[in-house]
Structure formats: C-alpha cells, structure tokens
Amino acid sequence: MVHKLKLEELNRIDVETFKTVEKIPLIVVLDNIRSMHNVGATFRTADAFLVQKIILCGITPQPPHREIHKAALGATESVDWSHENDINTTINDLKSKGFEIVGIEQTTNSQIITDFTIDKSKKYAVILGNEVEGISDEALPNIDSFLEIPQLGTKHSLNVSVCGGIVMWEFAKALK
C-alpha cells in the first residue's frame, strides 16, 4: 500500500553533515531582491540542491529575520551565505575565482536555459535580479551569458524564487 513518507523515513542529513558534504559548483547571487519570502525560498531550494553558497547583494534582506525564516525553514543555518553591497564587486570577485557568471534575464542575447550547455568542468554563479527591475543595469556588461526560462502564457516573468528553483534544478542535474 502506498503511503506518504514520514520525516524520519526521508533520511535527510543534519546541518553539521550538510556543511561537510560536497556541494555542486554553483553560487546563487541575489541582486537587490526586496521580498524576504523570495530570499527564504531561495535558501530552502539551495539547501535541497546542495548549492555551494548564496551571495546577497545590495538591498537584499539578510538573515536572521522572521519573514526569511518562514520560507527558509532553517536553510539559512545550512547554506553558506554572505552579503556584498555592490554587485560588480561580487561579479569581479567570482570571476577572479574562476566562476562563469550567468545572468537570469531576458536580454537581446539571452538564450533559452535548456539550450545552454552546462559544463561539468566549470564553476557557475547565477544572478537573479530584483522583482521589478531585474538584474542591475550596471552589472549587465560584466555578465558572461544570459539565460531565460521559456514562458508560454500572458505573463512576462516568473516569481524570483520560482525562477531560482528552476535554474538551480537545471544546474544541479548537470553538475552533480
């Protein structure tokens, strides 16, 4: 008979073990995100897919905060994170460490995410932009490539945390 698994049956690792497990070579950069829900949900998804780190840039809210915790459900304790005031400082630092910078944005030269070849030998940093303005204009020239998620309905964008979930899944499948 089919039944839903209880939490004890899921055999999840604890926070201490999570810290020692090998992560996928992916960093998620949140550029001027306003919503604490989006921040918390991104942490929770990053935990699920063993993302290396989250970098919170600009006005993006930082843990600890009750509203972030409501969506993160403790993932702010497991996933490494830092804050940086300037997005271009973050990009330059990541490039100096060998990361390919990928903006998740609809641009004149963006490609559909499923058409992008994720190379297992590379390290990636994906940038998710502000809910209204997208990725900061001053960062665009410093980004190596742009990806977008195909959308078939009437809306021109997805919620940041939903978009982040799709992107993290695509990279996790390819990099694990």
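Which pattern does the protein chain follow when read along the sequence? In this predicted model, the order of elements along the protein chain is α-β-α-β-α-α-β-α-β-β-β-β-α, and the inventory comes to six helices and seven strands. The radius of gyration of the protein chain is 16 Å, close to the 16 Å that the globule rule gives for 176 residues, so the chain is as compact as a globular protein of that length.

**Overall dimensions and packing**

Taken along the principal axes, the box filled by the C-alpha atoms of the protein chain is roughly 50 × 35 × 35 Å. Of the 176 residues, 43% count as buried, while the protein chain exposes about 10,000 Å², of which carbon and sulfur atoms supply 52%. Where contacts in the protein chain join residues at least 6 apart in sequence, 83% of these contacts are between residues at least 24 apart.

**Strand β2 and its neighbours**

Strand β2 covers residues 51-57, and because five of its seven residues are buried, β2 is largely enclosed by the rest of the structure. Strand β1, made of residues 24-31, runs parallel to β2 and is joined to it by six bridges, with Ile24 standing opposite Val51 of β2. Between these two strands in the named unit comes helix α2 (residues 36-48), and β1, α2 and β2 together make a β-α-β unit that is right-handed. Strand β2 also pairs in the parallel sense with strand β3 (residues 81-84), here over four bridges, and in this pairing Ile55 stands opposite Ser82 of β3.

The two pairings of β2 are set out below.

| Pairing | Sense | Bridges | Opposite residues |
|---|---|---|---|
| β1 (residues 24-31) with β2 | parallel | six bridges | Ile24 and Val51 |
| β2 with β3 (residues 81-84) | parallel | four bridges | Ile55 and Ser82 |

**Cysteines**

How many disulfides does a search of the whole structure find? The search returns zero disulfides, and the distances between sulfur atoms show why for two of the cysteines. The cysteine sulfur closest to that of Cys57 belongs to Cys163 and lies 16 Å away, which is too far for a bond; a disulfide would need the two sulfur atoms to be within 2.5 Å. Seen from Cys163, the closest cysteine sulfur is in turn that of Cys57, at 16 Å, and is therefore too far for a bond.

Are these two residues buried or exposed? Cys57 has 0% relative accessibility and so counts as buried, and Cys163, with a relative accessible area of 13%, is buried as well; the cut-off for this class is under 20% relative accessible area.

Key
Residues are numbered from 1 along each chain as its sequence is written. This is a predicted model: local features need pLDDT of at least 70, side-chain atom pairs count only at pLDDT 80 or more; totals for chains, interfaces and linings use all residues. Side-chain values use heavy atoms; hydrogens and water are left out. Buried means under 20% relative accessible area, exposed over 50%, partly exposed in between (1.4 Å probe, protein chains only). Two strands pair if DSSP finds at least two bridges between them. A crossover is right-handed if, with the strands pointing away from the viewer, the path from the first strand over the helix to the second runs clockwise. The radius of gyration is taken over C-alpha atoms; the globule rule is 2.2 Å times the number of residues to the power 0.38. Contact means heavy atoms within 4.5 Å. Accessible areas come from the Shrake-Rupley method with a 1.4 Å probe; for residues, only the protein chains shown count as cover.
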